[in-house]
Amino acid sequence: MVEEMANDKVEKTSELQWGLLCRGEFSQVNGIILQKKVCDCWDKIWNFQAKPDDLLIASYPKAGTTWTQEIVDLIQNDGDIEKSRRAPIQLRQPFLECIKMTKIFAGIDEANMMPSPRTLKTHLPVQLLPPSFWEENCKIIYVARNPKDNLVSYYHFQRMNKLLPDPGSWDEYFETVLAGNVVWGSWFDHVKGWWKKKDSHPILYIFYEDIMKDPKCEIRKIMEFLGKNLKEDVLDKIVYNTSFDIMKKNPMTNYLNEITMNHNLSPFLRKGIIGDWKKQFTEAQNKQFNECYEKNMADTSLSFCMEP
Ligand code: A3P
């Protein structure tokens, strides 16, 4: 009872703090909208020195990055849950181009302080990735998600995360997205750019929907890409510990202690399903988006599953 009251107080205090925070400011690097603080120190990010044994997890925001990160960390630790719970995911795997409100240094500083082998995260479009990742031939895992669920997830994330712009109403956000005015750029350019790059670089390109439908198969793919060989029971353990329900309860993967996020507005691990867009898109928006999709995807072999 006392504990419950204490938790309630903490929640109310953090909600109050969240209410007092201002939204971040934004600017552009080569036409891509990024946090202003990131743009201000862009040279430092662009000149980041990758190492040959770095592993990079890249994605468009809300594509299933955290899910992939936790899978990778468990594979690297042979399925040992205690090891994977050593720290929150954002500290285990630095987020390259992220500058928190409460910190003066960016993810690259965390990366620079970290011993090798390092696993890093980025949402940068392929053309903005620091060149040293290509020069050092680093392994990269790119995770992509169907655009409709991806954008619905992004909308709710922008509502709850003060590091990002206020998305306004869903209808307003939908227009913003079609105009390509989102942080980290257009979904179309992002997924197509990384898809093309995999022809000339060691990139494992995976899909949220595939992990959802057959997690063990995708986890095995990642394991092989990392050059590991884990037994079947370890793979089963990883499937279980990276399921939505377990990750939602895991304080090391649910971002509950981030002061910029208000989980009462929308939890970080929100629904974790395929097809949630059907509840958000109007019929007219669906038609308009389908036309936009056809037009933008005409020049790629990449395709997405949008149905559960
Ligand atoms: P929803 O908002 O649709 O629920 P990212 O990590 O790139 O920010 O992506 C977050 C999205 O991935 C959220 O989508 C979140 O719920 C979903 N997600 C995270 N872990 C998951 C898991 N274990 N299983 C299914 N979906 C997961």
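Helix α4 gives the shell around the ligand its largest share, three residues. The model is predicted, and the ligand is a good place to start reading it.

Around the ligand stand 18 residues. Those that come nearest are Thr 65, Thr 66, Ser 153, Tyr 208 and Lys 271. Sorted by class, the shell holds seven nonpolar residues, seven polar ones and four charged ones.

Next, the polar contacts. Ser 153 has a side-chain N or O atom 2.7 Å from an oxygen atom of the ligand. Arg 270 also reaches the ligand through its side chain: one of its polar atoms is 2.8 Å from a ligand oxygen. Gly 272 uses its backbone instead, with an N or O atom 2.8 Å from an oxygen atom of the ligand. How much of the ligand's accessible area does the protein cover? On its own the ligand has 570 Å², and 97% of that is covered by the protein. Two elements, α4 (65–76) and α15 (244–249), each give two or more residues to this shell.

Now turn to the strands β1 and β2. Strand β1 spans residues 26–29, and strand β2 spans residues 32–35. In which sense do they pair, parallel or antiparallel? The pairing is antiparallel, over four bridges. Within it, Ser 27 is placed opposite Leu 34 of β2. The two strands make a hairpin, with two residues between them. Asn 30 sits in the turn and has a positive phi of about 45°. For following side chains along a strand, one rule helps: in a regular strand they alternate between the two faces of the sheet.

Notes
Residues numbered from 1 in each chain as written. Predicted model: local features only at pLDDT ≥ 70, side-chain atom pairs only at ≥ 80, totals over all residues. Heavy atoms only, no water. Near = heavy atom within 4 Å. Polar contact = N/O pair within 3.5 Å; in protein donor to acceptor, adjacent residues only side chain to side chain. Areas by Shrake-Rupley, 256 points an atom, 1.4 Å probe, with all protein chains shown as cover. Nonpolar A, V, L, I, M, F, W, Y, C, P; charged D, E, K, R; others polar. Pairing = 2+ DSSP bridges.
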